[in-house]
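This report describes the fold, the nonpolar core and the side-chain pairs of one protein chain. Please keep the structure in view while reading.

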Amino acid sequence: MAAHEEAAGGRGRGVRIILAALGVVAAVAVIIVILALRGNGDAAGVANATTAPSGSSSPIATSPAPAPMAEPEPAESIAPLPPPQPPEGSQEQPIAPEQEPVAPTETATGADGASVALVGTEALDVVAQLPGEVSGAGIKVTVEITNTTDAPMNMDYVAVNLYTGDERTPALPIQSADSGGFVGELAVGDSATASYVFLLAEDARGDVLIGVDYLPGAATVTFRGSLED
């Protein structure tokens with residue numbers, strides 16, 4: 001009886017061992033199947049991403065659209081600099097300051113004490129001599145400068161100009177045989193004369209201003225009046 005029970009117990013242990021082994025094998029088989037299915041799925045995903053079925057166009061991979069750039073802020077407008085202002089209390093001065101005019105028949109005294117006079121005016125017909133000059137009615141003005149100062153005077157830089165009307169329209173100077181400016185040095189007590197020719201219509205001689213600039217940096221000596229005969 002005891003031998004029979006022992007044999008039965010041995011068979012029971014053998015069955016349990018076999019069942020346990022079968023359970024292990026089944027678990028391993030399930031794991032293998034899961035891994036296989038997962039691998040096939042990944043391979044299919046890769047294949048679908050890189051190939052397309054025959055007869056269909058493959059999708060073109062596109063980059064995501066760039067984010068719109070922010071518009072730049074408008075630059076601040078720069079106001080122009082204001083024009084320079086003269087110092088407080090200063091007054092605008094003409095480029096060449098002038099003395100108060102005297103009549104053409106009077107003698108003017110310059111800033112250094114020299115005497116300036118118009119000793120002759122003569123109407124004439126001028127003939128152009130240089131490019132840009134114009135022939136026509138003109139006038140010759142003879143200027144006399146007397147050195148009543150205490151030093152010799154340099155006459156090389158004397159300039160004589162003629163203007164007409166309130167608008168001070170400049171008359172065109174003409175180089176001719178009747179004209180010739182001052183030159184050289186004027187000794188103390190001596191006088192010198194020079195003639196200047198301008199193109200000047202007859203109807204423009206009623207209001208004339210003549211400026212004689214003989215001393216650099218000093219106010220111009222001026223004569224204003226009529227040069228009509």
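## Elements and confidence

The chain has one helix and eleven strands. From the N terminus on, the order is α-β-β-β-β-β-β-β-β-β-β-β. The model is predicted. Its average pLDDT is 78, and 59% of the residues score at least 70. Residues 1-8 have a pLDDT below 50, and this stretch makes zero contacts beyond near neighbours in sequence. Residues 43-57 also have a pLDDT below 50, and here the model shows two contacts beyond near neighbours in sequence.

Of the 229 residues of the chain, 23% count as buried. The accessible surface comes to about 16200 Å², and carbon and sulfur atoms account for 59% of that area. Among contacts with a separation of 6 or more, 67% join residues that are 24 or more positions apart.

## The nonpolar core

The largest nonpolar core holds 28 residues, of which Val 143, Ile 145, Val 158 and Leu 162 touch the most other members. Two or more residues come from each of the strands β2 (115-126), β3 (136-146), β5 (159-164), β9 (191-199), β10 (208-213) and β11 (221-225). The strand that gives the most is β3, with four residues.

What does Leu 162 touch, leaving aside residues up to four places away in sequence? Its partners earlier in the chain are Ile 139 and Val 141. Its other partners are Thr 169, Pro 170, Ala 171, Phe 198, Leu 200, Val 208, Leu 209, Ile 210 and Leu 227.

## Salt bridges

Side chains of opposite charge can pair when their charged atoms come close. The count for this chain comes to four salt bridges. The table lists pairs from that set.

| Pair | N to O distance | Separation in sequence |
|---|---|---|
| Arg 168 and Glu 98 | 2.6 Å | 70 residues |
| Arg 224 and Asp 166 | 3.1 Å | 58 residues |
| Arg 224 and Asp 207 | 2.9 Å | 17 residues |

Arg 168 forms a salt bridge with Glu 98. This pair links distant parts of the chain, with Arg 168 in the loop between β5 and β6 (169-170) and Glu 98 in the loop between α1 (2-50) and β1 (107-109). Arg 168 has a relative accessibility of 32% and counts as partly exposed. Glu 98, at 37%, also counts as partly exposed.

Arg 224 meets Asp 166 in a salt bridge. Arg 224 is in strand β11, whereas Asp 166 is in the loop between β5 and β6. Arg 224 also meets Asp 207 in a salt bridge, and Asp 207 is in the loop between β9 and β10. Asp 166, Asp 207 and Arg 224 are thus linked in a network of salt bridges.

Are the members of this network buried or exposed? Arg 224 is partly exposed, with a relative accessible area of 34%. Asp 207 also counts as partly exposed, at 26% relative accessibility. Asp 166 has a relative accessibility of 66%, and because the cut-off for exposed is over 50%, Asp 166 counts as exposed.

## An aromatic pair

The count of aromatic pairs comes to one. The ring centres of Phe 182 and Tyr 196 are 6.4 Å apart and their planes stand at 40°, so the pair is tilted. Phe 182 lies in the loop between β7 (172-174) and β8 (185-186), and Tyr 196 lies in strand β9, so the pair ties together parts that are 14 residues apart in sequence. Both Phe 182 and Tyr 196 are buried.

## Ser 226

Where in the chain is Ser 226? Ser 226 is in the segment after β11. At 39% relative accessibility, Ser 226 counts as partly exposed. Leaving aside residues up to four places away in sequence, Ser 226 touches Pro 104, Arg 205 and Gly 206. Ser 226 and Gly 206 are 20 residues apart in sequence, while their C-alpha atoms are 4.4 Å apart in space.

Methods
Residues numbered from 1 in each chain as written. Predicted model: local features only at pLDDT ≥ 70, side-chain atom pairs only at ≥ 80, totals over all residues. Heavy atoms only, no water. pLDDT = per-residue confidence, 0-100. Contact = heavy atoms within 4.5 Å. Buried < 20%, exposed > 50% of the residue type's maximum accessible area, 1.4 Å probe, protein only. Areas by Shrake-Rupley, 256 points an atom, 1.4 Å probe, with all protein chains shown as cover. Core = buried A, V, L, I, M, F, W, Y, C linked by side-chain atoms within 4.5 Å. Salt bridge = Lys/Arg side-chain N within 4 Å of Asp/Glu carboxyl O. Phe/Tyr/Trp six-rings, centres within 6.5 Å; stacked < 30°, edge-to-face > 60°.
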